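Hello,

Here is the structure I said I would pass on. My notes on a few of the helices follow below it.

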Amino acid sequence: MLNRRHIRIKVMQALYVYYNDRDDKTGATQILKILDKNVGKLYELYLYLLLFLKELGGFMVHYDEEVKSRYIQNDRDVKNSLKLFNNPILQNLMNSEEFEKALKDNKVVWNGENDILRRIFLDLKNQEIYKDYISLPEVNPGADYELMAFIIRQYTTNFPVLQQHLEEEYYNWLDDKKVAKQMAGKTLQAIAIAPGEKTPLMPQGHKDDENYIYAQELVKKTIAEDEKIESIIRAKTEQWESHQVAMLDMIIIKMAVCEFINFPTIPPKVSINEYIELAKTYSTPQSKKFVNGVLDAILKDLNKEGKLIKN
């Protein structure tokens, strides 16, 4: 579920809370709780994307009944709606006890308005992939998956109304959307293989994930060795006053230096590249160049002094 690049973002965000609100009450234990909450939010978002499909399926039934009560539908329209509604993957999600339990356990409920679902459904009916799907003469597991994957991909990327809703519901949407969509896609793929079986949800527990364990260690060591790490950094940033260095840049550099001296299995160049990307994405326009220069200088010194131990 977690990869190193993504987990570094979570550590950076947790450490930002620590350095932005330093007092005797905010220690490593509290920051680790924040880290755990942020990682847990990714799983909730993953469930919410699958719930979106389920709610869309439920809306189709409601919409069909509404249209029938107001207009005379032709047989073709009825068959088209039924074919989409009877998509085996959608039916699995709509009737899954495992999925329902996961939603309840994680307190994930749909908070979107029906108008969002209505607009998506009406737009979907004009999409070529939908038209191709309803014209298929027989069951096609590949097509079942492609349509469901398209709905998540298309409407979470190119449909502002849903995007805005997701941003409002989940503060982690912008950071986690790529991973959450990948997780949802894998689940849809697994359901397509055996739609009549139990819903193969991604495992929830992250406590034993090696990348999560790495994240916890990175948080603890960065905080515990703060003075040591800061002295290493200050030796290479003497020409700048502390207030001239963006807090996020300093946090990013501290995390990288912590990796240099405490994580022997991570190649230094990998650390530098990853943290340059963080600086480029989350900090100021000048941060990429600044972080790169400071880390490169620190790395050279650590090598000369024999303080860099790498496997």
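The expected span of a helix is taken as 1.5 Å times one less than its number of residues. Helix H14, residues 268–282, has 15 residues and runs 21 Å from first C-alpha to last, close to the expected 21 Å. Please keep in mind that this is a predicted model.

Several H14 residues are buried: Pro268, Ser271, Ile272, Glu274, Tyr275, Ile276, Leu278 and Ala279. The elements covering them include H1, H13, helix H11 (210–224) and helix H15 (287–304).

Two of these covering helices, H1 and H13, also pack against each other. The axes of H1 (residues 4–20) and H13 (residues 247–262) come within 10 Å and cross at roughly 120°. That angle falls outside both the 65 to 115 degrees of roughly perpendicular and the over 145 of roughly antiparallel, so H1 and H13 are oblique to each other. Their crossing is right-handed.

On the H1 side, the contact is made by Arg8, Val11, Met12, Leu15, Tyr16, Tyr19 and Asn20. H13 contributes Met247, Leu248, Ile251, Ile252, Lys254, Met255 and Glu259. By type, the residues of this contact are 10 nonpolar, one polar and three charged.

One residue to look at is Lys254, in helix H13. Its relative accessibility is 3%, and buried means under 20%, so Lys254 counts as buried. Leaving out residues up to four places away in sequence, Lys254 touches Tyr19, Thr222, Asp226, Ile229, Glu230 and Ile233. Tyr19 is also among the H1 residues that meet H13.

Regards

Definitions and conventions:
Residues numbered from 1 in each chain as written. Predicted model: local features only at pLDDT ≥ 70, side-chain atom pairs only at ≥ 80, totals over all residues. Heavy atoms only, no water. Axes fitted to C-alpha atoms, helices over the stretch in contact; angles between N-to-C directions. Helix = DSSP H or I, 4+ residues; strand = E, 2+ residues; numbered from the N terminus. Parallel < 35°, antiparallel > 145°, perpendicular 65-115°, else oblique. Left-handed = near helix turned anticlockwise from the far one by under 90°. Contact = heavy atoms within 4.5 Å. Nonpolar A, V, L, I, M, F, W, Y, C, P; charged D, E, K, R; others polar. Buried < 20%, exposed > 50% of the residue type's maximum accessible area, 1.4 Å probe, protein only.
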